[in-house]
Amino acid sequence: MADAPAEVPCRRAARRFAEVVCPPEVRAGRRADRVLREFGLMLGSLPPAARKAMAAALVLLDQGARLYPPSRGRRFARLGDRVADAYVRAVLARRGPAAELIGRLKSVITTCYYELPEVQREIGYDPAPYIAAVSRRRLESYGQDIRAGEAAVTARPERDEP
């Protein structure tokens, strides 16, 4: 059974952020929904403090837009494309903890986008041949050591006879 994704906080803001920071193809089909599912899985794998930091980043991004003059008091999730893009660029251009947190959020969201199988196919990313070649090379070089290590780990402990 596959792991259920964690609930994505501020889902509308997260979706809007993905539409701004990912390539335009994120809007094709249900791709943005799949990015949010990946994001939920990513959140579920993080320690609680990191999950809270990502949630805080989304709240900060969404509500902080109200203070950005071109937004005219609107939340990030309600901004048009041009204003949303300008707002994200302005936030990321600043220095300080808020910009750093939003930058990390951007990294996580874009990673989730590029984890989608159809995106990997579109950009020609196919790691399977490379992984197979490296695995063969490592087995040729270190196979004996690997088998000895596995045997040491899986060997039954010796018991002293009374």
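User: Is Ala56 buried, partly exposed or exposed in this predicted model?
Analyst: Let's start with where the residue sits: Ala56 belongs to helix α3. Its relative accessibility is 40%, and the partly exposed class runs between the 20% and 50% cut-offs. So Ala56 comes out as partly exposed.

User: How far apart in space are Ala56 and Leu101, C-alpha to C-alpha?
Analyst: Along the sequence, 45 residues separate Ala56 and Leu101. In space, their C-alpha atoms are apart by 8.7 Å.

User: Which elements give two or more residues to the lining of the largest pocket?
Analyst: The largest pocket has a volume of about 250 Å³. Its lining includes Leu60, Gly64, Tyr87, Val91, Ala98 and Ile102. Going by element, those giving two or more residues are α3 (48-64), α4 and α5 (97-114).

User: Which residues make the nonpolar surface patch of about 320 Å²?
Analyst: One member, Tyr125, lies in the loop between α6 (117-122) and α7 (128-154). Tyr125 has a relative accessible area of 46%, and a patch residue needs over 30%, so Tyr125 clears that cut-off. The full set making the patch is Tyr114, Ile123 and Tyr125.

User: Which element of the chain has the lowest mean pLDDT?
Analyst: For the chain, the mean pLDDT is 88, with 94% of residues at 70 or more. Helix α4 (residues 81-93) has the highest mean among the elements, at 94. At the other end, with a mean of 86, is α7.

Terms used:
Residues numbered from 1 in each chain as written. Predicted model: local features only at pLDDT ≥ 70, side-chain atom pairs only at ≥ 80, totals over all residues. Heavy atoms only, no water. Patch = residues over 30% accessible without salt bridge, like charges linked within 9 Å, V, L, I, M, F, W, Y side chains within 5 Å. Areas by Shrake-Rupley, 256 points an atom, 1.4 Å probe, with all protein chains shown as cover. Salt bridge = Lys/Arg side-chain N within 4 Å of Asp/Glu carboxyl O. Helix = DSSP H or I, 4+ residues; strand = E, 2+ residues; numbered from the N terminus. Buried < 20%, exposed > 50% of the residue type's maximum accessible area, 1.4 Å probe, protein only. pLDDT = per-residue confidence, 0-100. 1 Å grid on protein atoms, 1.4 Å probe; cavity = no way out; pocket = protein on both sides within 12 Å on 5 of 7 lines; lining within 4 Å. Points joined across faces, edges and corners; volume = space filled by probe spheres on them.
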